[in-house]
Amino acid sequence: MNDNYVRIFDTTLRDGEQAPGASLDVAEKLEIARQLARLGVDVIEAGFPIASPGDAEAVRRIATEVGNSREGKRVPIIAALARANPRDIDAAWEAVRYAAKPRIHTFIATSDIHLEHKLKMTRAQVIERVREMVAYAKRYCDDVEFSPEDAGRSDPEFLYEVLAVAIQSGATTLNIPDTVGYTMPDEFGALIANIIKHTPGADRVIISAHCHNDLGLATANTLAAIRAGARQVEVTVNGIGERAGNASLEEVVMALRTRPNVFGVTTGIDTTQIARTSRLVSNYTGIPVQPNKAIVGANAFAHEAGIHQDGMLKHRLTYEIMRPETIGLAQSNLVLGKHSGRHALQARLVELGYRLSEADLDQVFRRFKELADKKKVVTDADLIALISDEFYQPPEIFALEDIQVTCGRPGMPTATVRLRGPDGQSVVTAAIGTGPVDATYKAIDAIVRAPNTLLEYNVHAVTEGIDALGEVTVRLQSHEPEPRILGGHGADTDIIVASAKAYLAALNKLVAGQRDASALYLKQVFANGQGG
Ligand code: KIV
Ligand code: ZN
């Protein structure tokens, strides 16, 4: 094993999915897992199978489909999370066993606060549980990871004891979580160094770090852990996760790559896949990336101040420590516009990492031509937004056919919307709202009739300029049968159209669970003679 190799354990689909409002369906999880494999992560933590049948199904599908195929350079390990009890471990194994390289990740808390108030267990009982449950997991699977939850606030002496028992019982990776994001980088680094020094058998296993961002230190703590000897890090794309999130994959990976003299380690990540992965996760979770987010924020490579622009024109190294190309934001000399043909488009898409079937390429070419008619130059960012709008969408139960809006002052913002429903028939309706988007959403609601509360609506321009493509993301909460948070996204040069598409994408996920009911409703609408 190369001692300078840091394994990237991605937990976007497990800890990341615990982010408030980030709920992904099985198809979305599969697509993200495929992209994580292309990105080159070593381990994909696909979910927590005991949590729900949907989670178990997603882990099983990822284990079967991504855990046996070569999307990237190597087949990733597929991990499933389990508390330290037989039911959880059985469920984890049942879901993950189909992978070529399965891993069971089991955990129990070790801090006195958790033992006293949550587990109501003594230290001796925790040690016994670890001994039994790591051995139980080991009977199923060679690759067992153990985490002492809240390690950052645990008594280090107790921690060494627990970890030694986990190693004796067969754990191959020991993951050290700063569950509540409490530690400082020097403290966390020292904790890792001391674990390596004082835990009998630590030299035979991989030590891993898992940091939360409550004090904004998750990346710093993870990097401190690597300097202290950790050779696996648990991270999420865009840093999403419980509360303030987890250490961000792109920040950790790019710090290691940009400062090789400081760290002297490598990873298996293909950094040119970072931008694409970030976008996919943001689109599917409905959680936008803040513009000033390191590495993947819209402004991460933008130089606004005159003095900076002057420096950049003289020499890029004056203000640029990383090249946008390194994370997959290709700077192409090839300008695509309305005279560009299918071949030029295909070549550009391949450079951006998209290999489309002939039929899919036809579809994108049609959208590209429409866009090029409106916009002089079609940029890489436009193409990525188009691909995302066309392909990273849920099945269209309700599809937007036409939309017309009147608004302005004085007047009443009114939207007329025509949707094609599940039976292939069209329904048209109109509504008045406080503004054009509100009117549009009310008209859509009148047709789809899936009660919900809109939690978040975001619009941003994909590129600069008045003719830019607008991209909208929404998050809504369903009311029935139980509250669920769903995200949607859409892109168009007309932001009302983009808004309608984004809302419909989220509603399509909602009604996918109630398909029969919506089909029934449509029949009623047509019986009432409102069909278009
Ligand atoms: O933060 C945490 O402690 C966890 C464990 C389950 C690894 O996510
Ligand atoms: Zn966590």
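**Exercise 1. List the residues around ligand 1, then pick out side chains that come within polar-contact range of its oxygen atoms.**

Start with the surroundings. In this predicted model, ligand 1 has these residues around it: Arg 14, Asp 15, His 105, Phe 107, Ser 147, Glu 149, Asn 175, Pro 177, Thr 179, His 210 and His 212.

Next, bring in the cut-off: a polar contact needs a pair of N or O atoms within 3.5 Å. Now go through some side chains one at a time:

- Thr 179 has a side-chain N or O atom 2.6 Å from an oxygen atom of ligand 1.
- His 212 puts a polar side-chain atom 3.0 Å from a ligand 1 oxygen.
- For Asp 15, the distance from a polar side-chain atom to an oxygen of ligand 1 is 3.1 Å.

**Exercise 2. Work out how domain 2 and domain 3 meet.**

First, get the layout. Domain 1 covers 7–285, domain 2 covers 302–391 and domain 3 covers 399–519. Between the C-alpha centres of domain 2 and domain 3 there are 27 Å.

Second, look at the contact itself. Domain 2 brings 12 residues to it and domain 3 brings 11. Together they bury about 890 Å², with carbon and sulfur atoms giving 56% of that. On the domain 2 side, Lys 375, Ala 385 and Asp 389 supply 42% of the area buried against domain 3, more than any other three residues.

Third, check the polar side of things. You should find four residue pairs in polar contact and one salt bridge between the two domains. The salt bridge pairs Lys 501 with Asp 389, and their closest N and O atoms are 2.9 Å apart.

Fourth, ask which elements of domain 2 do the touching. α14 (358–374) and α15 (380–391) each supply at least two residues, and α15 gives the most, with six. Sort that side of domain 2 by type and you get four nonpolar, two polar and six charged residues.

**Exercise 3. Find a cis peptide bond and a non-glycine residue with positive phi, and place each one in the fold.**

Begin with what to expect: most residues other than glycine have a negative phi, and most peptide bonds are trans.

Now the peptide bond. Arg 409 and Pro 410 are joined in cis, with omega about -10°. Pro 410 sits in the loop that links β9 (399–406) to β10 (414–420).

Then the backbone angle. Asp 150 isn't a glycine, yet its phi is positive, near 65°. You'll find Asp 150 in the loop between β5 (144–149) and α6 (156–168).

Note on methods: Residues numbered from 1 in each chain as written. Chains lettered and ligands numbered in written order. Predicted model: local features only at pLDDT ≥ 70, side-chain atom pairs only at ≥ 80, totals over all residues. Heavy atoms only, no water. Domains from an automatic or database assignment. Contact = heavy atoms within 4.5 Å. Buried area = accessible area lost by both parts, 1.4 Å probe. Salt bridge = Lys/Arg side-chain N within 4 Å of Asp/Glu carboxyl O. Polar contact = N/O pair within 3.5 Å; in protein donor to acceptor, adjacent residues only side chain to side chain. Helix = DSSP H or I, 4+ residues; strand = E, 2+ residues; numbered from the N terminus. Nonpolar A, V, L, I, M, F, W, Y, C, P; charged D, E, K, R; others polar. Near = heavy atom within 4 Å.
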